[in-house]
Amino acid sequence: MQVLRSQRRFAGMGRPAMRKIIEDQLDEIRAAGTFKNERIITSPQAGSVTTSKTKGKVLNFCANNYLGLSNHPEVKAAAIKSIGERGFGMSSVRFICGTQDQHVELENRLSDWLGTEATILYPSCFDANAGVFECLLSDQDAVISDSLNHASIIDGIRLCKAERHRYNHMDMKNLEEILKATQHRRIRMIVTDGVFSMDGDVAPLDEIVRLAHEYDAVVFVDDCHGTGVMGR
C-alpha cells in the first residue's frame, strides 16, 4: 500500500508539467492554423445537413457517404430488424465469442461480389490498415508506399518492422526504381489507395500490377473510397 501511495504522489507531481507541455503544443497548432474543431451535425447524414453553427441546410462535401446509404430507409429498417432479433453489441471480440452467422454470411457475400478467396470484416478501414502490415511483414521485407497514401496506411506501416520506402505520387518510374533497389528483400509490398480521397486521383493499378509481376512484388490496395462507387 505504501508503494502505491508513493506512485500516486509521483504521478501527481508530473501533471502540471505535462499540462503545460500539452497547452504549448496546442498553441503551436493553433498558430499554424491546423487546429481542428468538430463540426456538430444536427441531422441525419446526407448530401445536405444542418449543423449547430449554421442556419438551414448546408452542402456536405466531407462525408464518405458516396452512395447515400447512411440514411437509406432499407438500411435503417434492416438495422432495426437486426437489433430486434440479435440485440445490440457482440459482448466480445470476434475470436472469443463475438462472431455470429450474420458476420460470416456477409463476409461470404462480399467475397463472391469482389471475387476474393475470403473476406474479414473490421469496424473500419482504419482498423484494417492498423492490423495488416504488422501481421504480414517482418524485418526481412520492404513496404513501398505512395507518398500521398491515407494517414491510416501510414500509421499501419509504422507498426511493422519492414524496411520502408515511399515513391512519388503515382510516379511509376520512381516506383520501378525502388523495386529494382529492393530486390534483395524477401517480400516487397506495393501499397496504394485505389482512389485518393483528398484529391480524387485514381491509382494506375494496371501499371502497378504490371510492375509487381515483373519484379515479383505483391500489391496492397486500400479501396475504401472506390468500392461500390467506381468500376464495374
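Helices, as named in these legends, are DSSP runs of type H or I with at least four residues, numbered from the N terminus. The views show a predicted model.

**View A. A salt bridge within helix H4 joins Glu105 and Arg109**. Both residues belong to helix H4 (residues 101–114), where they lie four residues apart, about one turn of the helix. An α-helix has 3.6 residues a turn, so residues three or four places apart point the same way. The N to O distance between the two side chains is 3.8 Å. Glu105 is partly exposed, with a relative accessible area of 45%, whereas Arg109 is exposed at 57%.

**View B. Helix H7 turns one face inward**. The buried residues of this helix are Met172, Asn174, Leu175, Ile178 and Leu179. Viewed down the helix axis, these residues fall within an arc of 160 degrees, and they therefore line one face of H7. They pack against strand S3 (142–146), strand S4 (163–167), strand S5 (188–193) and helix H8 (205–214). Lys173 and Ala181 are exposed on the other side of H7. Glu177, also in H7 (residues 172–181), is partly exposed because its relative accessible area, 44%, falls between the 20% and 50% limits.

**View C. Asp171 contacts the backbone at the start of H7**. A side-chain oxygen of Asp171 comes to within 3.1 Å of the backbone nitrogen of Lys173.

**View D. Arg185 and Glu163 form a salt bridge**. Their closest N and O atoms are 2.6 Å apart. This pair links distant parts of the chain, with Arg185 in the loop between H7 and S5 and Glu163 in strand S4, 22 residues apart. Glu163 is partly exposed, with a relative accessible area of 26%.

**View E. A salt-bridge network includes Glu207 and Arg210 of helix H8**. The two residues are three residues apart, about one turn of the helix, and their closest N and O atoms are separated by 3.2 Å. Both are partly exposed, Glu207 with a relative accessible area of 29% and Arg210 with 40%. Salt bridges that share partners bring Glu207, Arg210 and Glu214 into one network. Across the whole structure, 11 salt bridges are found.

**View F. Seven residues make a nonpolar surface patch**. Tyr66, Leu67, Leu69, Val75, Val202, Val229 and Met230 together form this patch of about 600 Å². Among them, Val75 is located in helix H2 (residues 73–86) and is partly exposed, with a relative accessible area of 39%.

How values were computed: Residues are numbered from 1 along each chain as its sequence is written. This is a predicted model: local features need pLDDT of at least 70, side-chain atom pairs count only at pLDDT 80 or more; totals for chains, interfaces and linings use all residues. Side-chain values use heavy atoms; hydrogens and water are left out. Patches are made of residues with over 30% relative accessible area and no salt bridge: like charges are joined within 9 Å, nonpolar side chains (Val, Leu, Ile, Met, Phe, Trp, Tyr) within 5 Å. Accessible areas come from the Shrake-Rupley method with a 1.4 Å probe; for residues, only the protein chains shown count as cover. A salt bridge is a side-chain nitrogen of Lys or Arg within 4 Å of a carboxyl oxygen of Asp or Glu. Buried means under 20% relative accessible area, exposed over 50%, partly exposed in between (1.4 Å probe, protein chains only). The arc is that of the directions from the helix axis to the C-beta atoms. Contact means heavy atoms within 4.5 Å. A polar contact is a pair of N or O atoms within 3.5 Å; within protein, one must be able to donate a hydrogen and the other to accept it, and residues adjacent in sequence count only if both atoms are side-chain atoms.
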